[in-house]
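Trainee: Please take me through one part of this model at close range. I should like to begin at a single residue and then follow its surroundings outward, step by step.

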Amino acid sequence: MTEKKENKYDKAYLRLAKEWSKLSYCRRKQVGAIIVRDRMIISDGYNGTPSGFENCCEDENNLTHWYVLHAEANAILKVANSTQSCKDATLYITLSPCKECSKLIHQSGIKRVVYHEGYKDNSGLEFLKKAGVELTLIEELD
C-alpha cells in the first residue's frame, strides 16, 4: 500500500476511534481504540468499568477507580473472546498506551500502534519500541 493511501486509512481509523471514545462514561478522559487486521476492523473498545459494574469511572474525589479498563485492554479482551487474532494487527487509539497496556499490546501480537495524543508517561511507548512494535503519531485528523 502506498504511504499516502496508508495515511488516509490511518486517519479514517483514528477518527473512528475518536468517535468510539465518546461512548465512555469516564469524565476525566475518554479514550477509544480500534483494532484492524487486513483492513478489517476486528475489535473496538473504550475506557470504562467491567461488565456488571456501575458506569462510573471516578470516585467522589474525581480519581479513577483502579478497576477501570483502558480502551486498548477492552479491545484486546474482546478479541480474546472471539475467533479473531491480533497477530500482525494495527491498534488505533486516541491516547498512547500506558506501560501496563503496552505489555498486553505486545503479547497479543499487535505489530503497529497508531495514536492521536501522547499519554503523560511515555514508558509504554518506549517498551513497545524496544519490542519492535511500529509506532505512528498522527495529530491532524483533517
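**From a turn to the binding site**

Mentor: Asp38 is exposed, because its relative accessible area is 71% and the cut-off for that word is over 50%. Please keep in mind that the model is a predicted one, and that each value below is computed from it. Asp38 sits in the turn of a hairpin formed by strands E1 and E2, with two residues between the strands. In this turn Asp38 has a positive phi of about 55 degrees. The side chain of Asp38 also meets that of Arg37 in a salt bridge, at 3.9 Å from N to O. In general, side chains of opposite charge can pair when their charged atoms come close.

Let us now move from the turn into the strands. E1 covers residues 32-37 and E2 covers residues 40-46. The two strands run antiparallel and are joined by six bridges. One pairing to locate is that of Gly32, whose bridge partner in E2 is Tyr46. E1 is also joined to strand E3, again in an antiparallel arrangement, by four bridges. Here Val36 can serve as a landmark, since its partner in E3 is Thr90. Whereas Asp38 in the turn is exposed, E1 is mostly covered, with five of its six residues buried.

The next element to examine is helix H2. How many of its ten residues are buried? Seven of the ten are, so H2 (residues 71-80) is largely enclosed by the rest of the structure. The buried residues are Ala71, Glu72, Ala73, Asn74, Ala75, Ile76 and Val79. The cover over these residues includes the three strands just described, E1, E2 and E3, together with helix H3 (99-108).

Between E2 and H2 there is a loop, and His70 lies in it. The UniProt record, an unreviewed entry, annotates His70, Cys98 and Cys101 as a "binding site". These residues are spread over 32 residues of sequence, yet they cluster in space, with a largest C-alpha distance of 8.9 Å. Of these residues, His70 and Cys98 are included in the lining of the largest pocket. The same record lists residues 8-128 as "domain: CMP/dCMP-type deaminase". Over that range the chain is 33% helix and 21% strand, and the C-alpha atoms at its ends are 24 Å apart.

Are His70 and Cys98 buried or exposed? His70 is partly exposed, because its relative accessible area is 33%, which falls between the cut-offs of 20% and 50%. Cys98, in the loop between E3 and H3, counts as buried, because its relative accessibility is 12% and buried means under 20%. If residues up to four places away in sequence are set aside, His70 touches Tyr46, Asn47, Cys98 and Cys101. Tyr46 has already appeared, as the partner of Gly32. With the same neighbours set aside, Cys98 touches His70, Glu72, Tyr119 and Gly124. Glu72 is familiar as well, being one of the buried residues of H2.

From here we may pass to H3. Lys103 and Glu100 both lie in this helix, three residues apart, about one turn of the helix. An α-helix has 3.6 residues a turn, so residues three or four places apart point the same way. Lys103 and Glu100 form a salt bridge, their closest N and O atoms being 3.0 Å apart. Both residues are partly exposed: the relative accessible area of Lys103 is 43%, and the relative accessibility of Glu100 is 47%. Elsewhere, salt bridges that share partners join Asp10, Arg112 and Glu134 into one network. The count for the model comes to ten salt bridges.

Lys103 also leads to a further helix. Apart from neighbours within four places in sequence, Phe127 is in contact with Ser102, Lys103 and His106. Phe127 is found in helix H4 (residues 123-130) and counts as partly exposed at 32% relative accessibility.

To retrace the path, the exposed Asp38 marks the turn of the hairpin. E1 and E2 of that hairpin are among the elements that cover the buried residues of H2. His70, in the loop between E2 and H2, then touches Cys98 and Cys101, with which it shares the annotation in the record.

Notes. Residues numbered from 1 in each chain as written. Predicted model: local features only at pLDDT ≥ 70, side-chain atom pairs only at ≥ 80, totals over all residues. Heavy atoms only, no water. UniProt positions renumbered as here; feature names shortened; annotations may be inferred. Buried < 20%, exposed > 50% of the residue type's maximum accessible area, 1.4 Å probe, protein only. Contact = heavy atoms within 4.5 Å. 1 Å grid on protein atoms, 1.4 Å probe; cavity = no way out; pocket = protein on both sides within 12 Å on 5 of 7 lines; lining within 4 Å. Pairing = 2+ DSSP bridges. Salt bridge = Lys/Arg side-chain N within 4 Å of Asp/Glu carboxyl O.
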